[in-house]
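User: Could you take a close look at the aromatic side chains in this one? I'd like to know how the rings sit against each other and what surrounds them.

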Amino acid sequence: MAVNTVHPEMKPYKVNELDLTPGVAPLHEESNSWTFLLTNDIEFFITDIRPGGAALKDNHPDADHFFYYLSGHGYQILDGERFDYGPGDGIFVPRGVDHEMYPLGQETTHMVVTFSPARQAKQKK
């Protein structure tokens with residue numbers, strides 16, 4: 001089952017990261033992303049940013065964004081304010097807030113990422 005599409009039937013399913021084809025998120029460098037779920041209400045994926053990579057400045061005017069960090073250290077800049085992160089940290093980015101992310105050190109940043117509602121550009125109608 002392709003999970004990176006809107007599921008109008010909304011049937012339960014299970015998916016494993018190894019079954020998904022990685023993509024690269026827009027405005028990300030040295031990064032891969034695996035979409036696990038995309039409905040009209042939520043977008044859920046895992047993203048890796050390798051050492052030397054970054055998530056360049058972006059803004060989502062119609063969706064809240066949440067990051068939960070599984071590994072890696074670094075910082076995000078949200079509307080000009082710096083927020084450091086490490087494993088176990090969560091960072092909420094309300095809709096309309098400029099945000100960018102910079103991993104530090106030699107460890108890959110591995111994180112859970114959500115949008116709610118899902119970004120209009122990725123939804124298939």
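Analyst: Here is a walk through the ring pairs, followed by the strands around one of the tyrosines. Keep in mind that this is a predicted model.

There are five aromatic pairs in the structure. Take Phe 36 and Phe 44: their planes stand at 90° with the ring centres 6.1 Å apart, so this is an edge-to-face pair. Phe 36 has 14% relative accessibility, so it falls under the 20% cut-off and counts as buried. Phe 44, at 29%, is partly exposed.

Now for Phe 45 and Phe 115. Their ring centres are 6.0 Å apart and the planes meet at 25°, which makes the pair stacked because that angle is under 30 degrees. Since Phe 45 belongs to strand E2 (residues 43-58) and Phe 115 to strand E8 (residues 109-116), the contact ties together parts 70 residues apart in sequence. Both of these phenylalanines are buried.

Elsewhere, Phe 67, Tyr 69 and Tyr 85 form a cluster linked by ring pairs.

Tyr 75 has a charged neighbour: the charged end of Arg 82 sits over its ring, 3.9 Å from the centre. What is the bridge partner of Tyr 75 in E5? That's Asp 84. Strand E4 (residues 73-78) pairs with E5 (residues 81-85) through five bridges, in the antiparallel sense. Two residues separate the strands of this hairpin, and one residue there, Asp 79, takes a positive phi near 45°. E4 also runs antiparallel to E7 (residues 99-104), joined by six bridges, with Leu 78 partnered by His 99.

Key
Residues are numbered from 1 along each chain as its sequence is written. This is a predicted model: local features need pLDDT of at least 70, side-chain atom pairs count only at pLDDT 80 or more; totals for chains, interfaces and linings use all residues. Side-chain values use heavy atoms; hydrogens and water are left out. Two strands pair if DSSP finds at least two bridges between them. Helices (H or I, at least four residues) and strands (E, at least two) are DSSP runs, numbered from the N terminus. Rings of Phe, Tyr and Trp (its six-membered ring) pair if their centres lie within 6.5 Å; planes under 30 degrees apart count as stacked, over 60 as edge-to-face and the rest as tilted. Buried means under 20% relative accessible area, exposed over 50%, partly exposed in between (1.4 Å probe, protein chains only). A charge sits over a ring if NZ of Lys or CZ of Arg is within 6 Å of the ring centre and within 35 degrees of the ring normal.
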